Amino acid sequence: MNIFFIERYIGKIKKEDIYNYAYTQGINLTSHELETLYTYLKNYYKVFLRNPETRPNLLDEIKSKVSLPVANKLDELYYQYKDKI
């Protein structure tokens, strides 16, 4: 994992990118859910990537602010990709 490339990518990501990705995963985000995911992505990605112990807490915090289908998809994606982080 190269933090530099991830930082560059996250610096350029837009809300519509998150919305479009969620849509391809079969999830329709509300504006509140989109704002929540965008805010957490922009503000907490370094903590998430660099400190594995904080990941479950951050995910739980996010899941408490989104609908059950979105929370379930977050879990699914996390477990699918966690070994690649």
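In this predicted model, R55 sits in helix α4, which spans residues 55–63. R55 is a buried residue, yet it has no salt bridge. A salt bridge here would take a side-chain nitrogen of Lys or Arg within 4 Å of a carboxyl oxygen of Asp or Glu, and the nearest side chain of opposite charge, D83, is 7.9 Å away from R55. What the R55 side chain does reach is the backbone oxygen of F48, at 2.7 Å. Leaving out residues up to four places away in sequence, R55 touches F48, L49, Y78 and I85.

R55 has buried company in its own helix: L58, L59 and I62 of α4 are buried as well. These residues lie on the same side of α4, because they cover an arc of only 100° around the axis. That fits the usual helix geometry: with 3.6 residues a turn, residues three or four places apart point the same way. Among the elements that cover the buried residues of α4 are α3 (31–50) and α5 (68–81).

As for the largest nonpolar core, it counts 21 residues, and the ones touching the most other members are I18, L29, L37, F48, V70 and L74. Two or more residues apiece come from α1 (3–12), α2 (15–24), α3, α4 and α5. Helix α3 gives the largest share, with 6 residues. Two of these well-connected members turn up in other contacts too. F48 is the residue whose backbone oxygen the R55 side chain reaches, while L74, setting aside its neighbours within four places in sequence, is in contact with L37, I62, K63 and V66. Of those partners, I62 is one of the buried residues of α4.

Definitions and conventions. Residues numbered from 1 in each chain as written. Predicted model: local features only at pLDDT ≥ 70, side-chain atom pairs only at ≥ 80, totals over all residues. Heavy atoms only, no water. Helix = DSSP H or I, 4+ residues; strand = E, 2+ residues; numbered from the N terminus. Buried < 20%, exposed > 50% of the residue type's maximum accessible area, 1.4 Å probe, protein only. Lys, Arg positive; Asp, Glu negative; His and termini not counted. Polar contact = N/O pair within 3.5 Å; in protein donor to acceptor, adjacent residues only side chain to side chain. Contact = heavy atoms within 4.5 Å. Arc of directions from axis to C-beta. Core = buried A, V, L, I, M, F, W, Y, C linked by side-chain atoms within 4.5 Å.
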